[in-house]
Amino acid sequence: MRNPQLNANGALTHLLSIEGLPREVITHILDTASSFLKVSHRDVKKVPLLRGKSVFNVFFENSTRTRTTFEIAAKRLSADVINLDVTRSSTAKGETLLDTVDNLVAMHADMFVVRHAASGAPHLIADHLRRLGREDVHVVNAGDGRHAHPTQGLLDMYTIRHYKQEFTNLVVAIVGDILHSRVARSDIHALTTLGAAEVRAVGPQTLLPTAIEKMGVRVCHDLRSAIRDCDVVIMLRLQNERMNGALLPSAREYFRCYGLTPAVLALARPDAIVMHPGPMNRGVEIDSDVADGPQAVILPQVTFGIAVRMAVMGILAGN
Amino acid sequence: MNAEKTSHTVALPDAEALCVQLAALIRPQLQPETVLVGIHSGGAWVAQRLQTLLGLDREIGLIDVSFYRDDYGARGLHPRVQPSSIPFDVEGRRLILVDDVLYTGRTTRAAINELFDYGRPAVIQLAVLADRGHRQLPICADFCPWRVDLDPSSELVLSLDDGGRLQWSLDEHA
């Protein structure tokens, strides 16, 4: 079967998942992003690449930050951006996902940026467009269920490459609620594709998916031993609704076992960086002294995210 | 025009010697605040040669016009985009845009558009190592040591040889 993200010429036409992306494609996106990063420092923070194109942000699930960074990225490429709050409009009235897509295609959409609570929704849309013969319309997955969040994975790789240059000798720990995290899955696929030396999946048994070691990671339940000698620590957000359910006793106990404090971080390499996809729960998964400390690169991640999304949209729209 | 006559009989001059000639053309018009801007990748090499030959101490600018090309819709984004770097204020500056080959004029158009997104220069002049004719836009070079009429089926390419010297080659398209 053909990779659903690539067109007949093998060029990237949709970004649905990092899984299955060739290493060269990932590297090409990261290289292109570094050129776009410079655009944001100029007097005129725009290039004319997507002039006249319409990018539809279709968010079936709320996310202010991701939607905003996609919007900024599209605007810096000179595209027209239309934000649809579908949760409150057509879907609430009973319209199906593909009917919504057909309507937007009829409005001459050139690209969809899709966030959906159901894993596979962006793939369904891409498949639908192919059956319609509309391979000129592109889909970017902005997060689907527990499956993937490829632009977050790519911006994380951009951040790591920015501070560490090479992936081959790196030890990376991903800490927290991996079970519900599409960011963790995208990061793991990207890190293994780029050849990181070791990826550690760290968390309580209840928040780790079964058989995750088959993704090529080492499973750890003890934070202190997992952080030892790490080059990169990626903290995941613990969602509020998980804190008092069956999976965890309490937020306080979680912080005691899995919260990243200066004392725990001191076990990592002295030049280790700390990342977080945001929004952070201070005092739950990360101590404020770490979040605001010299090793945190959480705000640079946001800045890099715009350049990475510009690169993804710029590459897709040209293929 | 006969392709065989132009492409196969054309003698390719020494590219390093052309750089010296180009520098000589620019020198009389050089002003103290003039800055060079090379277009990736051939133009960047030529700009670096000119920088040395003209004894300029100001850092040169480098631009990649991939984000400004007019064939993006047909050909997509260039696979190897280099970051543009303009380490000076463009506003009110005298700039010399440097490229290796002037052909359709579309790259020059894209480069001028990009420069204006950094500010409003006082003057932009164009210096090229070779003008191979067949313009598609109203653009001409202010400084050019070598003019040659080449058939569109052939591509004039500047590259670095193993010893780091600039050299010309002619690629024939079927």
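1. Let's start with the make-up of chain B in this predicted model. Chain B holds five helices and six strands. Following the sequence from its beginning, you will meet them in the pattern α-α-β-α-β-α-β-α-β-β-β. With a radius of gyration of 16 Å, close to the 16 Å that the globule rule gives for 174 residues, chain B is as compact as a globular protein of that length.

2. A few overall values for chain B help with orientation. Its C-alpha trace spans about 45 × 40 × 35 Å along the principal axes. Of its 174 residues, 39% count as buried. If you look at contacts between residues at least 6 apart in the sequence of chain B, 69% of them join residues at least 24 apart.

3. Helix α3 of chain B, residues 42-54, is a good element to look at by eye. Its 13 residues should span 18 Å at 1.5 Å a residue, and the end C-alpha atoms are indeed 18 Å apart, so the expected and modelled spans agree. Several of its residues are buried, among them B:Trp45, B:Val46 and B:Leu50. The buried set also includes B:Gly42, B:Gly43, B:Ala44, B:Ala47 and B:Arg49. Just after this helix comes B:Gly55, which has a positive phi, near 65 degrees.

4. Now over to chain A, where an unreviewed UniProt entry places the feature "binding site" at A:Lys93, A:Arg182 and A:Arg237. These positions are spread over 145 residues of sequence, and in space they are spread too, with up to 32.0 Å between C-alpha atoms. Two of them, A:Arg182 and A:Arg237, are taken up below.

5. Where does A:Arg182 sit in chain A? You will find A:Arg182 in helix α6, which covers residues 182-194. A:Arg182 counts as buried because it has 21 C-beta neighbours inside 10 Å, and the cut-off is 20 or more. Beyond its neighbours within four places in sequence, A:Arg182 is in contact with A:Gly143, A:Asp144, A:Gly145, A:Arg146, A:His147, A:Ala148 and A:His149.

6. A:Arg237 lies in a loop of chain A, between strand β8 (232-235) and helix α8 (251-258). Is A:Arg237 buried or exposed? It counts as buried, because 20 C-beta neighbours lie inside 10 Å and 20 or more are needed. Which residues does A:Arg237 touch, not counting those up to four places away in sequence? They are A:Pro277, A:Pro279, A:Met280, A:Asn281 and A:Glu285.

Technical notes
Residues are numbered from 1 along each chain as its sequence is written. Chains are lettered from A and ligands numbered from 1 in the order in which they are written. This is a predicted model: local features need pLDDT of at least 70, side-chain atom pairs count only at pLDDT 80 or more; totals for chains, interfaces and linings use all residues. UniProt positions are given in the numbering used here, feature names are shortened, and annotations may be inferred rather than shown by experiment. Helices (H or I, at least four residues) and strands (E, at least two) are DSSP runs, numbered from the N terminus. A residue is buried if 20 or more other C-beta atoms lie within 10 Å of its own, exposed if 12 or fewer, and partly exposed in between; C-beta atoms are placed from the backbone. Two residues are in contact if their C-beta atoms, placed from the backbone, lie within 7 Å. The expected span of a helix is 1.5 Å times one less than its number of residues. The radius of gyration is taken over C-alpha atoms; the globule rule is 2.2 Å times the number of residues to the power 0.38.
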